[in-house]
Structures are given as structure tokens and as C-alpha cells.
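Welcome, and thanks for taking a look. Please keep the model open beside this report as we go through its aromatic rings and one of its helix pairs.

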Amino acid sequence: MTLTLYNTLTRRQEPFETVEAGKVKMYYCGVTVYDYCHLGHARACIVWDVVRRYLQFIGYEVRYIQNFTDIDDKILNRACVEHSSMEAVANRFIKAYFEDMARLGIREADEYPRATHTMNGIQRLIHELEKKGFAYPADGDVYYAVRQFAEYGKLSGRKLEDMQAGKSERVNVEDPEYQKKKDPFDFALWKAAKPGETAWESPWGAGRPGWHIECSAMVRDRLGDTIDIHAGGADLIFPHHENEIAQSEAVTGKPLARYWLHNGMVKVDGEKMSKSLGNFITIRELLDRGVNPMAVRLFVLTAQYRTPIDFTDEAIAAATNGWHTIKEGLLFGYQYGEKLGWDLGTGDLGLGTEEEFSQSPIPNPQYPVPNLYVERFQEIVNNDFNFPGGLTVLFELAKELRREGHILVHEGKTETSPDKLKHQWQTLVTLAGVLGLEAEIEAETDKINGLSDAEIEAKIQQRQEARQGKNFAESDRIRDELQAEGITLIDSRDGTRWHRN
């Protein structure tokens with residue numbers, strides 16, 4: 001059951017081997033904080049949150065770093081429009097980021113470096129590139145000499161000669177920045193400040209760093225020369241991640257990352273999400289509409305992480321229905337545990353403490369879960385983080401527990417032993433926790449799909465009284481009302497049975 005990952009760098013699936021045995025150093029290119037996070041950010045943050053959780057689940061000690069880009073033209077432009085500052089804009093949207101991610105159940109990273117807090121590391125890296133002949137100053141700017149790095153293009157598969165053909169048509173030769181460059185492919189490491197702009201002092205004059213050098217410096221400062229996983233959206237492969245490799249490896253002579261992982265993009269009704277098309281949806285807009293955050297997580301996890309995913313009303317409705325099924329299974333122990341003679345102490349939840357979850361392959365080993373389910377789950381997910389496949393194990397457990405719950409309600413006993421049911425429930429809670437799917441323990445845990453069991457039984461009694469009084473219209477109305485709530489009635493000589501659809 002070796003974990004294998006598709007590596008963008010090598011374009012093949014490879015066994016996962018870390019630099020240091022048992023430990024993972026992981027960096028995710030986070031958000032540029034100039035606006036509220038949207039569905040694309042939601043997908044990326046959920047995917048890498050679950051990747052981290054899964055690595056911890058199978059026994060790795062994970063150090064997970066996610067940056068904030070808080071120096072950028074878009075932030076500067078917003079600050080100018082609002083008559084504010086880049087710092088004020090960045091702080092506002094960093095706060096909003098944490099609010100949105102908390103609602104989605106995203107665990108916080110071990111550290112959130114910011115470009116503004118890494119200025120010494122950024123300038124040190126630029127200086128080293130300059131000394132090694134990979135960078136040159138030009139009137140207050142500093143540029144990276146792309147042709148000096150022989151392996152440029154190895155991540156994206158692009159070749160300079162292929163890109164050269166159309167380059168001249170897209171370049172404005174009158175642009176002052178273009179005129180400073182020795183080669184059209186060179187990119188800025190440091191930008192001289194324009195009048196009135198926020199700036200930092202440097203050996204090249206007042207200015208600010210380019211976007212690409214920020215991440216190279218933050219990776220190096222927090223995780224060292226070579227990390228295990230560098231993650232981000234597929235749209236970052238070129239030029240951002242390509243340029244990170246060129247910057248970092250030119251200085252260290254070592255691979256920046258052993259595995260480059262990229263999540264696919266989000267479309268809305270088949271179209272690329274953009275403000276100009278009017279289909280741009282922020283996380284808070286979606287959740288404020290009443291969409292359950294766990295349904296959003298489930299929607300994201302039902303697609304292979306590297307493929308594009310299409311957000312539609314039908315897709316989110318299906319995810320919501322799927323979440324109801326899993327939620328019913330997760331609440332099984334709270335609904336029926338006492339009747340089954342369980343002692344619902346903390347240990348019976350299957351998750352254990354946060355530390356146990358992070359350090360143990362099977363959280364809370366005092367209460368082992370059936371090997372069959374866990375082994376199947378791991379065997380599936382170990383194939384390049386196949387979370388959609390892993391979900392099939394959760395649905396199997398949830399549906400089985402739901403069936404047993406219905407039998408328990410109607411017959412007063414189950415077909416399965418209480419101990420086996422307890423282990424099945426613990427398994428579901430544990431594996432759902434790996435995927436970040438967590439149900440709130442409600443005041444009335446039997447109130448799952450609108451009506452509680454007691455309310456359903458009362459309506460069935462009302463229907464029985466209507467039938468005895470030959471009021472068949474009222475009887476049919478109650479049946480239709482229950483059907484609309486997802487409750488199916490089955491009449492027989494022994495009475496009326498029911499089940500949730």
C-alpha cells in the first residue's frame with residue numbers, strides 16, 4: 001500500500017519518498033490578499049488540507065507552511081482606489097481569509113509567512129543570484145537572466161525557442177521595463193518604487209520584490225533548500241513555479257521540491273470563473289446562501305484533485321444529499337449508542353485528541369477500527385490521493401449504519417452485534433475526520449432530514465386515524481407530506497413501517 005503521487009515535474013506517478021524518513025515538509029502557495037476568497041481558493045485549500053490530514057493519518061509528521069502574498073500590484077491598486085495602504089488592505093483580507101477557512105473546517109497551517117515579514121531573506125536571495133551571475137541590476141530594478149539557467153522550462157515543459165516566435169508580437173518595445181531587460185524572457189526580482197508607492201530600502205534603491213522571489217525566499221527561510229511537497233493551483237505552473245525553481249536552484253544547486261502537486265481549476269456551469277462573466281462566487285457568498293460547508297468539502301472531494309471541476313446547482317445539490325447520508329452515519333452513535341449499551345466517553349469517538357490524530361496511523365489505537373475498511377481506504381487513497389474512491393468506503397459505512405438504525409427503530413433490535421456497530425461507527429468517524437467531514441452534535445440528534453423520529457411516528461398515527469375514519473384524502477395528504485420530507489411509508493398487515501430515502 002505504498003503512497004504514489006503524480007509529480008508535475010517528471011510527468012509520471014512515483015512512490016512517495018521524503019527527504020527525511022517519517023517527516024514531510026510541505027509548502028502551499030497561498031492567496032494574494034486583495035479580495036475575498038472565491039471557489040477556486042476553496043478547492044485548493046480543501047484539497048491541501050485533506051492531503052496534510054491524510055499524510056498525518058498514515059503516520060507522517062507534517063510541517064505545513066502556507067504563505068500570504070501581501071506585496072502585489074493588485075493590492076497596491078486596491079489601496080490606491082480606497083485611499084488606503086497595502087498593509088491595511090492585506091490585513092483586512094487576511095482576517096477575512098481565516099474567517100472563511102474556519103467555516104470550511106480548514107485546519108490552520110503551522111505557519112503563515114508573509115512577504116513583508118521576509119524582506120531580509122528576499123534581498124539575501126537576490127544578492128546571491130546576482131553574485132552567481134543569474135541576476136543583474138537595471139536602473140533600480142533587478143532582473144533574473146533566464147537564459148543563464150539551463151533547465152528553465154523543466155516543470156512546465158515549455159522551451160524558450162518555442163515561446164520566442166510569438167513573443168515579439170505581445171511585447172511593447174516602448175515599455176520602459178522592456179527596455180531595461182537584456183532579454184525579453186527575463187523577469188523582475190526587484191522593482192524600483194514609483195512616486196508615492198510603498199517601498200522598502202535595498203542595495204538597489206527603494207522598491208519592492210517581484211512575486212516569484214517572495215515564495216522562493218519564504219520556502220527557504222521556513223523549510224530549507226529542498227522540501228518534499230510544493231503544492232498549488234495548476235495555473236501557477238507557469239510562470240510562477242517555473243520561476244521559483246529557476247531562482248532557488250540557481251543558488252542552492254539542489255532540487256527545490258521532490259514532488260510538485262497541482263490542483264485543477266474550478267468552472268461555473270462549464271465556464272471559467274471570472275468577474276467579467278458574472279459567475280464569480282466568493283466562499284462567504286456561497287455559505288451565506290445556506291449551502292452547508294461540509295457539502296462544499298464533499299463537492300470538492302468527489303472530483304480527482306488534478307482534474308477541473310464544474311460548479312453547478314445540480315452538483316452542489318448532489319453533494320448536499322451525499323452529506324446528509326454521511327452525517328446520518330456520523331450521528332448514529334449519538335442517536336442509538338445508549339440504546340445499544342455503549343458508553344459514549346471521549347475515547348469512543350474514534351478520533352482521539354489532536355495530538356493522537358497527528359501522530360498515530362490509526363487515531364486513538366485504544367479503540368481499533370476494523371482493518372478491512374481502513375486497509376481499503378488506504379489502498380484507494382494511496383493511488384495519488386484518490387479521495388473520490390476513498391469516499392466510497394465512507395458511504396458504504398454510512399448507509400449500513402443508517403439501515404441498522406431503521407431496523408433498531410422499528411424492531412427494537414439490530415441484525416448486527418452492538419460491538420461490531422460500534423467499530424463501524426468509529427471507523428466512519430475516523431475516516432470522515434481524515435477528510436475533514438465533521439457533523440455537529442445537535443440537541444436533537446435524531447432530527448436529521450427535517451423531521452425527528454418522534455414527529456414521523458406522530459404523523460403516521462394521524463394517518464392511521466384518518467384511514468380508520470375513511471378520510472382517505474387526509475391519509476394521502478400525510479403520506480405525500482412525508483414523502484416530500486424524504487420519508488417512505490410501507491403498509492402491511494402488521495402495520496406501517498417507514499424509512500428515510
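## Contacts and overall make-up

Two residues are in contact here if they have heavy atoms within 4.5 Å of each other. On that footing, among contacts in the chain between residues at least 6 apart in sequence, 74% join residues at least 24 apart. Do keep in mind that this is a predicted model.

The chain has 501 residues, and 52% of them count as buried. Its secondary structure comes to 18 helices and 15 strands.

## A pair of rings to start from

The structure holds 26 aromatic pairs. A good one to zoom in on is Tyr305 with Phe385: the ring centres are 6.3 Å apart and the planes stand at 65 degrees, so this pair is edge-to-face. An angle over 60 degrees is what earns that label.

Where do the two partners sit? Tyr305 is in the loop between α10 (293-301) and β13 (309-311), while Phe385 is in the loop between α14 (371-381) and α15 (387-411), so the pair ties together parts that are 80 residues apart in sequence. Both rings belong to buried residues: Tyr305 has a relative accessible area of 1%, and Phe385 has one of 0%.

## The wider aromatic cluster

Phe385 has another aromatic partner in Phe387, and this pair is stacked, with 5.8 Å from centre to centre and 15 degrees between the planes. Phe387 is buried, as is Phe385.

If you select Trp48, Tyr54, Phe57, Tyr305, Phe377, Phe385 and Phe387 together, you will have one aromatic cluster on screen.

## Charges over rings

Rings also meet charged side chains in this model. Which residue places its charged end over the ring of Tyr136? That is Lys182, at 4.6 Å from the ring centre. In a second example, Arg306 lies over the face of Tyr6, and here the distance to the ring centre is 4.3 Å.

## How α11 meets α15

Now for the helices. The axes of α11 (residues 313-330) and α15 come within 8 Å and cross at roughly 60 degrees. That angle makes α11 oblique to α15, and the crossing is left-handed.

Which residues of the two helices meet? On the α11 side they are Gly322, Thr325, Ile326, Glu328 and Gly329. Their counterparts in α15 are Leu391, Leu394, Phe395, Ala398, Lys399, Leu401, Arg402 and His406.

Terms used: Residues are numbered from 1 along each chain as its sequence is written. This is a predicted model: local features need pLDDT of at least 70, side-chain atom pairs count only at pLDDT 80 or more; totals for chains, interfaces and linings use all residues. Side-chain values use heavy atoms; hydrogens and water are left out. Rings of Phe, Tyr and Trp (its six-membered ring) pair if their centres lie within 6.5 Å; planes under 30 degrees apart count as stacked, over 60 as edge-to-face and the rest as tilted. Helices (H or I, at least four residues) and strands (E, at least two) are DSSP runs, numbered from the N terminus. Buried means under 20% relative accessible area, exposed over 50%, partly exposed in between (1.4 Å probe, protein chains only). A charge sits over a ring if NZ of Lys or CZ of Arg is within 6 Å of the ring centre and within 35 degrees of the ring normal. Axes are lines fitted to C-alpha atoms, for helices over the stretch in contact, and angles run from 0 to 180 degrees between N-to-C directions. Angles under 35 degrees count as roughly parallel, over 145 as roughly antiparallel, 65 to 115 as roughly perpendicular and the rest as oblique. A crossing is left-handed if the near helix is turned anticlockwise from the far one by less than a right angle, and right-handed if clockwise.
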